[in-house]
Amino acid sequence: MPAGLLTSREAQQTGRVIYMANCEICHGVKGDGRGQRREGMNPPPADLMAPPWSDKSGAPRMYAVIQNGVRGSAMPSWPMLSDQQIWDIVAYLHSLNSP
Ligand code: HEC
């Protein structure tokens with residue numbers, strides 16, 4: 001994880017834009033899993049504001065999950081996002097957790 005990433009305002013703000021464009025539809029504006037598309041999804045979109053995702057120590061795992069997706073669920077992999085873009089999303093989601 002790039003040093004200082006989780007508290008970088010720049011990373012958080014870029015991450016917000018990427019999140020809103022790609023993730024909000026399922027995970028919701030607040031990251032709580034209540035996006036418009038969630039109806040009927042099994043499993044439903046994860047609540048990213050709850051443990052383990054709300055925990056800073058889970059940041060590397062969150063990165064890996066975003067990169068790889070979750071097999072057997074609606075959560076896709078994101079080969080089109082760069083390493084930096086994925087870290088920016090992680091920084092944004094953690095800023096929502098600890099304002
Ligand atoms: C089409 C709907 C959809 C989109 C778009 C989507 N997700 Fe998900 N996501 C899901 C679902 C469904 C799960 C639950 C998977 C499970 O519980 O096994 C999930 C789970 C997750 C998890 C937790 C993984 C786990 O092991 O439970 C993270 C972190 C996550 N998503 C982040 C993101 C991010 C960041 C984006 C945008 C780049 C994104 N998701 C876009 C549907 C989506």
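## Ligand site and fold of a four-helix model

A polar side-chain atom of H27 is placed 2.8 Å from a nitrogen atom of the ligand. That separation falls within the 3.5 Å limit for a pair of N or O atoms to be called a polar contact. The structure described here is a predicted model, and the distances and volumes reported are computed from its atoms.

**Surroundings of the ligand**

The ligand sits in the largest pocket. Around the ligand stand 22 residues, and the closest of these are N22, C23, C26, H27 and M75. Both α2 and α3 supply at least two residues of this shell, and α3 makes the largest contribution, with 3 residues. By class, the shell consists of 18 nonpolar, 3 polar and 1 charged residues.

**The pocket itself**

The largest pocket encloses about 530 Å³ of space. Its lining is made up of 27 residues, of which H27, A46, V65, V70 and M75 are the closest to the pocket centre. Four elements give two or more residues to this lining, namely α1 (9-22), α2 (24-27), α3 (59-68) and α4 (83-97). Of these, α3 provides the largest share, 4 residues. The lining divides into 22 nonpolar, 3 polar and 2 charged residues.

H27 and M75 are named among the residues closest to the ligand, and H27 and M75 also appear among those closest to the centre of the pocket. H27 is in addition the residue whose polar side-chain atom lies 2.8 Å from a ligand nitrogen.

The class composition of the two sets of residues is set out below.

| Set of residues | Nonpolar | Polar | Charged |
|---|---|---|---|
| Lining of the largest pocket | 22 residues | 3 residues | 2 residues |
| Shell around the ligand | 18 residues | 3 residues | 1 residue |

**Overall fold**

The protein contains 4 helices and 0 strands. Read from the N terminus, its elements follow the order α-α-α-α. The radius of gyration is 12 Å, close to the 13 Å that the globule rule gives for 99 residues, so the protein is as compact as a globular protein of that length. The C-alpha trace spans about 40 × 25 × 25 Å along its principal axes.

**Cis peptide bonds**

The loop between α2 and α3 includes P43, and P52 is likewise located in the loop between α2 and α3. Each of these prolines takes part in a cis peptide bond. N42 and P43 are joined by a cis bond with omega of about 0°. The bond from P51 to P52 is also cis, and its omega is near 0°. The helices that bound this loop, α2 and α3, are also the elements that each supply at least two residues of the shell around the ligand.

Definitions and conventions:
Residues numbered from 1 in each chain as written. Predicted model: local features only at pLDDT ≥ 70, side-chain atom pairs only at ≥ 80, totals over all residues. Heavy atoms only, no water. 1 Å grid on protein atoms, 1.4 Å probe; cavity = no way out; pocket = protein on both sides within 12 Å on 5 of 7 lines; lining within 4 Å. Points joined across faces, edges and corners; volume = space filled by probe spheres on them. Nonpolar A, V, L, I, M, F, W, Y, C, P; charged D, E, K, R; others polar. Near = heavy atom within 4 Å. Polar contact = N/O pair within 3.5 Å; in protein donor to acceptor, adjacent residues only side chain to side chain. Sits in = over half its atoms within 2 Å of the grid points. Rg over C-alpha atoms; globule rule 2.2 N^0.38 Å.
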